[in-house]
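Here is a short round of questions and answers on one chain. Keep the structure open beside the text.

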Amino acid sequence: MFFLKEKSVPLTTFFNDSFVDIHSHLLPGIDDGAKNIEHTISLISKMKSYGIKNFITTPHVLGDVYPNTSIIINEKLEVVRDVLNKSGYNDININAAAEYMMDEKFSELLEKNDILTLKENFVLVEMSYFNAPYNLYEVLFEIQLKGYKPVLAHPERYIFYHNDFQNYYKLKKSGCLFQLNLLSLTEQYGKGVKNTAEKLIKENLYDFVGTDTHHENHLRLLKKIGTKKNYKKIENLLKNNTKFLI
Ligand SMILES: [Fe+2]
């Protein structure tokens, strides 16, 4: 008896020169991602070896836990750009936005128009893994009233939606775009998340992908997505990410 091994594909096939990773935590010391500038450079260097050269990195903005402001984020971005230049990473293109938790603080920022967008009017938002905010649909409405387009990070990870798939259609109908975490194609976040991701792909509900890289372990696991089958599944989504190239 023999088993057919899934045909593996290098990650450089997934990520061409125009691919932009729109979700990661690479700015040093301001959230649960890169710890310091050395860590930032080491993560970027690893990602470069996978073919990823364009980044819109997205530190958490989350109440008092990660009270990052646009000023803090932009200052850190400049530090990273400077060190990348001095270290000879001239082919790396890095910008910064944020991953906004849809909480009260976010509503305040929205009110003040103090929002960092991925590009144009796209805003990366997330919610708690335990429950959706009580006023979710009001917040989504407010975002759009202000002229922004909400891009919901990793919808497959909200397990409270798993047993009623209609929730996802409702979110899309309310103007949400969906960003798949590439690691959800592995069992990193559990089987339920993987199955939901597969279903959302099948139903064509995703718009973009992101690595959501926080540390080396994520990058080690990312190699697992490198199969021909996965490539076929998300080929179109990978192409969509090129729209963020500046
Ligand atoms: Fe994230």
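Q: Is Ile 225 buried or exposed?
A: This is a predicted model. Ile 225 lies in the loop between α8 (216-222) and α9. A residue counts as buried if 20 or more other C-beta atoms lie within 10 Å of its own. Ile 225 has 22 other C-beta atoms within 10 Å, so it is buried.

Q: Which residues does Ile 225 touch, not counting residues up to four places away in sequence?
A: Look first at Leu 182. Its C-alpha atom is 7.5 Å from that of Ile 225, with their positions 43 residues apart along the chain. The contacts of Ile 225 are Leu 182, Leu 185, Thr 186 and Asn 230.

Q: Is Ser 45 buried, exposed or partly exposed?
A: Ser 45 sits in helix α2. A residue is exposed at 12 or fewer other C-beta atoms within 10 Å, and buried at 20 or more. Ser 45 has 13, so it is partly exposed.

Q: How far apart in space are Ser 45 and Gly 88, C-alpha to C-alpha?
A: Along the sequence, Ser 45 and Gly 88 are 43 residues apart. In space, their C-alpha separation is 11 Å.

Q: At what angle do the axes of α2 and α3 cross?
A: Helix α2 covers residues 37-49 and helix α3 covers residues 70-86. Their axes come within 11 Å. The crossing is right-handed. Its angle is roughly 65 degrees.

Q: How many nonpolar residues are in the contact of α2 with α3?
A: From α2 come Ile 37, Thr 40 and Ile 41. From α3 come Val 79, Val 80 and Val 83. The contact has no charged residues and 1 polar residue; the nonpolar count is 5.

Q: Which strands stand at the edges of the sheet of 6 strands?
A: The sheet is open, with parallel pairing and the order β3-β5-β6-β7-β8-β9. A strand at the edge has a single partner, so one side is left without a neighbour in the sheet. The two edge strands are β3 (60-61) and β9 (208-210).

Q: Which strands are at the edges of the open sheet of 3 strands?
A: This sheet has parallel pairing and the order β1-β2-β4. Strand β2 (residues 54-57) pairs with β4 over 4 bridges. Within that pair, Asn 54 stands opposite Asn 93. The strands that pair on one side only are β1 (20-21) and β4 (93-96).

Q: How many residues of β6 are buried?
A: Check both faces. Phe 122, Leu 124 and Glu 126 are buried on one side, and Val 123 and Val 125 on the other. The strand is therefore largely enclosed by the rest of the structure. The count is 5 of the 5 residues.

Q: Which helix lies on the path from β5 to β6?
A: Strand β5 (residues 99-101) runs parallel to β6 (residues 122-126), joined by 3 bridges. Glu 99 has Leu 124 as its bridge partner, and Tyr 100 stands opposite Val 125. The β-α-β crossover between these strands is right-handed, and its helix is α4 (residues 104-112).

Q: Which helix does the chain pass through from β6 to β7?
A: β6 and β7 run parallel and are joined by 4 bridges. Val 123 stands opposite Pro 150 in β7. The crossover is right-handed and passes through α5 (residues 136-145).

Q: Which residue in β8 is the bridge partner of Ala 153?
A: Strand β7 (residues 149-153) pairs with β8 in the parallel sense over 3 bridges. Both faces of β8 are covered, with Leu 177, Gln 179 and Asn 181 buried on one side and Phe 178 and Leu 180 on the other. The partner of Ala 153 is Gln 179.

Q: Which residue in β9 is the bridge partner of Leu 180?
A: β8 and β9 pair in the parallel sense over 3 bridges. The partner of Leu 180 is Val 209.

Q: Which helix carries the crossover from β8 to β9?
A: Two helices deserve a look here. Helix α9 (residues 228-240) lies across β8 (177-181) and β9, at about 90 degrees to β9. The chain path from β8 to β9 is a right-handed β-α-β crossover, and its helix is α7 (residues 191-202).

Definitions and conventions. Residues numbered from 1 in each chain as written. Predicted model: local features only at pLDDT ≥ 70, side-chain atom pairs only at ≥ 80, totals over all residues. Axes fitted to C-alpha atoms, helices over the stretch in contact; angles between N-to-C directions. Left-handed = near helix turned anticlockwise from the far one by under 90°. Contact = placed C-beta atoms within 7 Å. Nonpolar A, V, L, I, M, F, W, Y, C, P; charged D, E, K, R; others polar. Pairing = 2+ DSSP bridges. Right-handed = clockwise from strand over helix to strand, strands pointing away.
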